[in-house]
Amino acid sequence: MSSAITNPRPVAELFLYEACRAQLISEHVRSELGKGSLVLCDRSFDATTAYQGYGRGLDLDLIERWNVAAGQG
C-alpha cells in the first residue's frame, strides 16, 4: 500500500479546498480589505459548488455550509 494520496475522495477534496480558502482569507483577504483594498476572487464559491457539488455529487447544502464557514462571513 502506498502512502501517497493520488485520488482523494470527494469529501476530502472539499475539505482541502475549504481549508485553503479559509487560510487565504485569514492571511491575505482580510488584511487587504482592512487596508481598503479592492479584492477580487474569481470562481471561489461558485467553482466549489460546480466541481464538488455537481461534478463530484456532494450535497449542495453541505458545500454551502462549508463555503460560509471557510469564507468567515
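**How three helices meet**

The buried residues of α1 pack against α2 and α3, so that is a good place to start walking through this predicted model. On α1, the buried set is Glu-13, Leu-14, Glu-18, Arg-21, Ile-25 and Val-29. Several charged residues sit in that list, Glu-13, Glu-18 and Arg-21 among them.

Stay with α1 for a moment. Its 25 residues should span 36 Å at 1.5 Å a residue, and the end C-alpha atoms turn out to be 34 Å apart, which agrees. The helix does have a kink, though: about 45°, centred on Ile-25, and Ile-25 is also one of the buried residues of α1. Once α1 is over, you come to Gly-36, which has a positive phi near 90°.

Now hop over to α2, which covers residues 44–55, and look for Thr-48. With a relative accessible area of 3%, Thr-48 is buried. Who are its neighbours? Leaving out anything up to four places away in sequence, Thr-48 touches Leu-14, Glu-18, Arg-21, Arg-43, Gly-53, Ile-63 and Asn-67. You've already met some of these: Leu-14, Glu-18 and Arg-21 are among the buried residues of α1. Ile-63 and Asn-67, for their part, are buried in α3. Thr-48 is thus a handy spot to click on if you want to see contacts to residues from both of the other helices.

That brings us to α3. At its start, a side-chain oxygen of Asp-59 reaches to within 3.0 Å of the backbone nitrogen of Asp-61. The helix has 12 residues and runs 16 Å from its first C-alpha to its last, close to the 16 Å expected at 1.5 Å a residue. Which of its residues are buried? They are Ile-63, Asn-67, Ala-70 and Gly-71. Look down the axis of α3 and these buried residues fall within an arc of 95°, so they line one face of the helix. The spacing fits a general rule: an α-helix has 3.6 residues a turn, so residues three or four places apart point the same way. Asp-61 and Arg-65 are on the other side of α3, and they are exposed. As for the buried face, its residues pack against α1 and α2. Just after α3, Gln-72 takes a positive phi of about 55°.

Zoom in on Ala-70, which belongs to α3 and counts as buried at 5% relative accessibility. Setting aside residues up to four places away in sequence, Ala-70 touches Glu-18, Arg-21, Ala-22 and Ile-25. Glu-18 and Arg-21 also turn up in the contacts of Thr-48, and Ile-25 is where the kink in α1 is centred. Ser-26 is 44 residues away from Ala-70 in sequence, with 9.4 Å between their C-alpha atoms.

One last stop is the aromatic pair; the count comes to one. The partners are Phe-15 and Trp-66, in a tilted arrangement with 4.8 Å centre to centre and 45° between the planes. Phe-15 lies in α1 (residues 10–34) and Trp-66 in α3 (residues 60–71), so the pair ties together parts that are 51 residues apart in sequence. Are these two rings' residues buried or exposed? Neither label quite fits: Phe-15 is partly exposed, with a relative accessible area of 38%, and Trp-66 is partly exposed too, at 36%.

Note on methods: Residues are numbered from 1 along each chain as its sequence is written. This is a predicted model: local features need pLDDT of at least 70, side-chain atom pairs count only at pLDDT 80 or more; totals for chains, interfaces and linings use all residues. Side-chain values use heavy atoms; hydrogens and water are left out. Helices (H or I, at least four residues) and strands (E, at least two) are DSSP runs, numbered from the N terminus. Buried means under 20% relative accessible area, exposed over 50%, partly exposed in between (1.4 Å probe, protein chains only). Contact means heavy atoms within 4.5 Å. Rings of Phe, Tyr and Trp (its six-membered ring) pair if their centres lie within 6.5 Å; planes under 30 degrees apart count as stacked, over 60 as edge-to-face and the rest as tilted. The expected span of a helix is 1.5 Å times one less than its number of residues. The arc is that of the directions from the helix axis to the C-beta atoms. A polar contact is a pair of N or O atoms within 3.5 Å; within protein, one must be able to donate a hydrogen and the other to accept it, and residues adjacent in sequence count only if both atoms are side-chain atoms. The bend at a residue is the angle between axes fitted to the seven residues ending there and the seven starting there.
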